[in-house]
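Student: I have a new model on my screen and would like to learn how to read its strands. Could you walk me through them?

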Amino acid sequence: MGICNDGDDAVLIEKGKKPGEPWVITVNCPDKVGLGVDICRTILEFGLYISKGDVSTDGKWCYIVLWVVPHSSIRTVLWANLKERLVSFCPSCSLSYYYAPPAPRKSSPLYLLKFCCLDRRGLLHDVTQVLCELELTIERVKVTTTPDGRGLDLFFITDNLNLLHTKQRQEETYEQLRSVLGESCISCELQLADKHHETRQGTSSISPTVASELFASEYSKKECHMQALSPDLTKLKKAVVNVDNSLSPSHTLLQIHCLDHKGLLYDIMRTVNDHDVKISYGRFSVVTKGHRDLDLFIQQKDGRKIVDPEKEYSICSCLKMEMLHPLRVLIANRGPDTELLVANPVELSGRGRPRVFYDCTLALKKLGICVFSAEIGRYSASEREWEVYRFLLDEKCEYQLLKTEARNQIVDRVRRMLMGW
C-alpha cells in the first residue's frame, strides 16, 4: 500500500475546482498509533469541517482522504501552515523508522501572555481570535475584571510554529493584539512561564452537585431528551452503533448512525484510540438530513477482532455517549454569581479539544454577555480527566440570569456554537 514519498509529498491539499466546493486533503505515509486523531484534531483546530472521508491502513502504511470546508466563523485558512502541521505528524518513510521507535515529539514551551486593558463587550473573544489566527494554542486562562472596569488577562499559550522565542514572532503577536485592544490597552507582556505555572493544571473547586451533573458517565432518557436536541429543536437526536463480526474473518465492523456535529470524526477517532483499538478501513459519508453514517472496520492492537462482549459493550456505549454529549454545558450558581461551565474529556495523550474557548467566547459575544472572569483547568472525575472552562457572567445584560428560561437559552446558544449547528 502506498508509494514511499517523504517530506511534503506525504500530505497533498487540493483546492476545490469550483467556488464553495470542498478542499481535498490526502495523507499517504507510514502508519502510527494515534495518527488519525492527530489529523482530525488539527483539522478541527484550523476551523475546518470534514464533509466526508475515507481511511485505510494495513498496519504499516495508511492512506487518508478528507473533504473539508471552512466553518462560517473562520475568516481565513492558512492552507500552507495546515499542510506543514499535518506533515509534522507523519512518520518518516525511511527504513530506520521500521526498525527503531520514532523520537517523541518535543513539546512547545509554555508562555505567559499578560495584558491589562479597559474592558468592553466581546474583548475576550477578539483576543482569542487573534491568538487562534496566529496558531497560538491557549492552554490555560485566568481572566479577571477589577471594580474600575479594567481587565487583567493571563493567557498561558504554546506556539504551534515553535517560533515564539524569536523577536519577529513576538513583535507580530504584539502588533496583532494592539490592533484589537487599541487605545484601551494599558500594558502587554509576553514571557516564558516559570516552573510554578507549568505545574498548575487544576481549576478551582466545583461543588459536588454541579460536578455530578457536569461529569455524569450516563444520562437518563429525560436528560438525553433535554440536552440532545437537533438543530431545528424539533427532533431528538440519537446515536446507533451496531457491531457485526460476520462480514470479515479478521475485522469487526462498526456501523454508526448519528446526528452530525462539529468535530464528529475527531470524537470517534479519539474514542476508538483511547480504547486501544485501531481502524483498518473507514468511510465517513456525506450528511443526509442532518445525520451521518459511518462504516468502520476495526481490530484490537494484536490484530484480532473484538469478540469479548464486555469490550464490545464498552466501545459502543462510549461512542454513543461521545456522539450525544462530546461537550457538557451548564449554568450554575457560584456564590452570588452566575457561572457558565463547559467540559470536555481529555485524550489519553493529554491533549484537550481544540477551539472550545474560541466558540464559547464567540457565543457569549453574540449574546451580548460580558465575562466578569474566566479560567481553564483540568479536573478528574468519572475515572477520566476533563478540561473545564468556567465563565462568571456579568449580570449587566439583557438576560435575567436568575431565571431558568434565560439560562436555558444561554446554554442552548453556547451548545449550538460548540456543536456547529
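Tutor: Happily! Keep in mind that this is a predicted model. Let's begin at a hairpin: β3 and β4 have three residues between the strands, and in this hairpin Gly59 takes a positive phi near 95°.

Student: How many bridges join β3 to β4, and in which sense do the strands run?

Tutor: Nine bridges link β3 to β4 (residues 61-70), and the two run antiparallel. For a pair to look up, take Thr57, whose bridge partner in β4 is Cys62.

Student: What about β3 and β11?

Tutor: Strand β11 (residues 277-284) is joined to β3 by four bridges, again antiparallel. Here Val55 sits opposite Gly282 of β11.

Student: Is β3 mostly covered or mostly open?

Tutor: Mostly covered: of the ten residues in β3 (48-57), seven are buried. A general idea helps when you look at side chains: in a regular strand they alternate between the two faces of the sheet.

Student: Now the open sheet: what is its strand order?

Tutor: Its eight strands follow the order β8-β5-β7-β6-β15-β16-β14-β13, with antiparallel pairing. β8 (185-192) and β13 (328-334) are at the edges with a single partner strand each, so one side of each lacks a neighbour in the sheet. On average, neighbouring strands of this sheet are turned by 25° against each other, direction ignored.

Student: Which pair from that sheet could I inspect?

Tutor: Try β14 (residues 337-345) with β16 (residues 384-393): they pair antiparallel over eight bridges. Within that pair, look for Glu339, which stands opposite Leu392 in β16.

Definitions and conventions
Residues are numbered from 1 along each chain as its sequence is written. This is a predicted model: local features need pLDDT of at least 70, side-chain atom pairs count only at pLDDT 80 or more; totals for chains, interfaces and linings use all residues. Side-chain values use heavy atoms; hydrogens and water are left out. Buried means under 20% relative accessible area, exposed over 50%, partly exposed in between (1.4 Å probe, protein chains only). Two strands pair if DSSP finds at least two bridges between them. Axes are lines fitted to C-alpha atoms, for helices over the stretch in contact, and angles run from 0 to 180 degrees between N-to-C directions.
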